[in-house]
Amino acid sequence: MTPQDTPSTGNIDGLVALAKTYFDAAYAMDADTFATIFDPAALVTRRGDGNSVVVTPVAAWLDVVRSLTSPQDAGGVRADQIISIAVTRDMALLKLRLRIPPREVTDLLSCFCLNGRWQIVQKVFAAETLA
């Protein structure tokens with residue numbers, strides 16, 4: 001690992017703050033808060049039916065978020081977890097797990113440090129129905 005590959009405390013702190021904002025936005029299903037941490041060119045990717053892949057521009061995904069009932073309004077219990085953070089220079093990958101009843105969601109968030117702050121540029125996620 002070269003010195004520029006070594007994550008600084010500021011990088012990790014900024015990514016932890018981004019994850020906390022992400023968890024808060026997901027619990028409240030707050031599209032406006034999500035919009036502050038996603039780059040406008042970001043994409044959201046998930047598995048579709050069968051072996052298909054569904055890729056959605058973040059603006060369209062935020063429109064869907066606006067129509068959803070939040071876990072907060074449904075009385076859901078939070079279960080937010082940062083699984084891992086990997087940083088290389090000005091890019092990072094966050095692996096997060098959270099509960100959005102009736103599902104548990106695992107997110108892989110690819111981020112770039114843009115204009116001095118971390119922004120999500122790609123969200124890939126999978127959801128499993130809670131038992």
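## A small set of lining residues

Let's start inside the protein: Phe23, Ala26, Tyr27, Arg78, Asp80, Leu98, Arg99 and Ile100 line the largest cavity. A cavity is a set of points, on a 1 Å grid over the protein atoms alone, where a 1.4 Å probe fits but cannot get out, and lining residues have an atom within 4 Å of a point. This is a predicted model, where local features need pLDDT of at least 70 and side-chain atom pairs count only at pLDDT 80 or more, while totals for chains, interfaces and linings use all residues. Residues are numbered from 1 along each chain as its sequence is written, and side-chain values use heavy atoms, with hydrogens and water left out.

The largest cavity holds about 30 Å³ of space. Helix H1 (9-28) and strand S4 (91-100) each supply at least two residues of its lining.

## The largest pocket

A pocket, by contrast, is an open set of points with protein on both sides within 12 Å along at least five of seven lines. The largest pocket has a volume of about 590 Å³. Among its 25 lining residues, Trp61, Leu68, Ile100, Val105 and Phe125 are the closest to its centre. Strand S6 (117-129) gives the most to this lining, with 4 residues.

## One face of helix H3

Now look at helix H3 (residues 58-67), whose buried residues (under 20% relative accessible area, 1.4 Å probe, protein chains only) are Val58, Trp61, Leu62 and Val65. Down the axis of H3 they fall within an arc of 100°, so they line one face of the helix. The arc is taken from the directions from the helix axis to the C-beta atoms.

Terms used
Grid points are joined across faces, edges and corners, and a volume is the space filled by probe spheres set on the points. Buried means under 20% relative accessible area, exposed over 50%, partly exposed in between (1.4 Å probe, protein chains only). Contact means heavy atoms within 4.5 Å.
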